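Visitor: I am new to this structure and should be grateful for a close look at a single part of it. Please take one residue as the starting point and work outward from there.

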Amino acid sequence: MRSLFFLRLLDFFFPLHCGICGREDFFSLKIGLCKRCANATRTFEPAYRCNICSSPLSNSSDVCGFCDSRNVFFTRVFSLRDRNDLLGELLNKLKSNNEYPVSIFLSLGIRRTLRELKTLNMDACILLPSYSNGKIFNSDLRPFSPSSRLYEETRRILKIPLIDPLMKTSSERQAGKSFSERFFHAYSAWEIKPNWKDRCPSKILLLDDVFTTGASVNEACRILKKNGTKSVYVLTYLRVSD
Ligand SMILES: [Zn+2]
Ligand SMILES: [Zn+2]
């Protein structure tokens, strides 16, 4: 009775309706989605994953064909979930209107991953500046970065600074581009800021909302490594795995 009262009180201050269907239950209060929707986001857990990008593998080879066939500049990708349609929809919701329940749900499991990362002694983290000239925190258009919850948890658990050594050289977005266009486009998407030239920290954790082709991330990592970084780990909410 008392705990129910407490939950009602919490709900009064922080009403948490399901980020998908808007219903409210015990689950939506705790994890941002109702029980039915949370179950619907479940993905099949594969037996094997690529040692670098963590994409599902059908056999026990260490590295997927994709990572094996190109120059990979990141050390390892940690994604909290494999993307499916419903999770993709959730991420879009998060991007379009900073939905708190959705950000809670998409971040589930992050603490366990960050504790694993803690043993690697990261020096700093960066948010990949996906939009205009790194104005992630104060853009009028979009006052919120979808990865900001990743950053909040990272700061809390790893206690590492957020640095901003990259700037985007092109305002074109990746969205809507074909697979090959993404690779072509990514090649010149970033530049190192003058004050970070040859001075990037040794171990960097790069935060982004979704790991898709890895083209932008890979290019960002290449530039960081060219400027002093030894290893880059990547943490995202979702990984596209098909
Ligand atoms: Zn729901
Ligand atoms: Zn791979």
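In which helix is the place of T154?

Guide: The model shown is a predicted one. T154 has its place in helix 8, which spans residues 148-158.

The first point to consider is the cover around this residue. T154 has 24 other C-beta atoms within 10 Å, and because 20 or more are needed for a residue to count as buried, T154 is buried. Of the 242 residues of the protein chain, 30% count as buried. Leaving aside residues up to four places away in sequence, T154 touches L114, C125, L205 and L207. These contacts lead in two directions, towards a neighbouring helix and towards a sheet.

The helix may be taken before the sheet. L114 belongs to helix 7, and is one of the residues there that meet helix 8. On the side of helix 7 the meeting residues are I110, R111, L114, R115, L117 and K118, while helix 8 contributes L150, E153, T154, I157 and L158. R111 and T154 are 43 residues apart along the chain, yet their C-alpha atoms are separated by 8.5 Å. The axes of helix 7 (residues 110-118) and helix 8 come within 10 Å of each other and cross at roughly 45°. An angle of that value is neither under 35 degrees nor in the range from 65 to 115, and helix 7 is therefore oblique to helix 8. The crossing of the two helices is right-handed.

The remaining contacts of T154, namely C125, L205 and L207, lead to the sheet. C125 has L205 in strand 7 as its bridge partner, and L207, also in strand 7, stands opposite L127. Strand 4 (residues 124-127) and strand 7 pair in the parallel sense, over four bridges. Strand 7 itself covers residues 203-211, and seven of its nine residues are buried, so that the strand is mostly covered.

On from strand 7, the next partner is strand 8 (residues 231-239), and the pairing of these two is again parallel, over eight bridges. Within this pairing, L206 has V234 in strand 8 as its bridge partner. Between the two strands the chain passes through helix 10 (residues 215-226), forming a β-α-β crossover that is right-handed.

The whole sheet can now be set out. It is an open sheet of four strands in the order 3-8-7-4, with parallel pairing. Strand 3 (76-82) and strand 4 are the edge strands, each pairing on one side only. From one strand to the next, the twist averages 20°. Helix 5 (residues 85-97) packs on this sheet, where it touches strand 3, strand 7 and strand 8, and its direction makes about 105° with that of strand 8. Helix 10 packs on the sheet as well, touching strand 7 and strand 8; the direction of helix 10 makes about 165° with that of strand 7.

The loops that adjoin these elements also deserve attention. In the loop between strand 4 and helix 8 one finds S145. With 24 C-beta neighbours inside 10 Å, S145 counts as buried. S145 and D209 stand 64 residues apart in sequence, but 8.9 Å apart in space from C-alpha to C-alpha. D209 falls within the residue range of strand 7.

Two further loop residues may be set beside S145. N121 is found in the loop between helix 7 and strand 4. N121 is not a glycine, although its phi is positive, at about 50°. With 10 other C-beta atoms within 10 Å, N121 is exposed, because 12 or fewer such neighbours place a residue in that class. D198 lies in the loop between strand 6 (190-192) and strand 7. The phi of D198 is near 60°, again a positive value in a residue other than glycine. D198 is likewise exposed, with 8 other C-beta atoms within 10 Å.

The chain as a whole gives the setting for this part. The protein chain has 10 helices and eight strands. Among its contacts between residues at least 6 apart in sequence, 71% join residues at least 24 apart. To return to the starting point, T154 is buried, and its contacts include L114, C125, L205 and L207.

Conventions:
Residues numbered from 1 in each chain as written. Chains lettered and ligands numbered in written order. Predicted model: local features only at pLDDT ≥ 70, side-chain atom pairs only at ≥ 80, totals over all residues. Contact = placed C-beta atoms within 7 Å. Pairing = 2+ DSSP bridges. Right-handed = clockwise from strand over helix to strand, strands pointing away. Axes fitted to C-alpha atoms, helices over the stretch in contact; angles between N-to-C directions. Parallel < 35°, antiparallel > 145°, perpendicular 65-115°, else oblique. Left-handed = near helix turned anticlockwise from the far one by under 90°.
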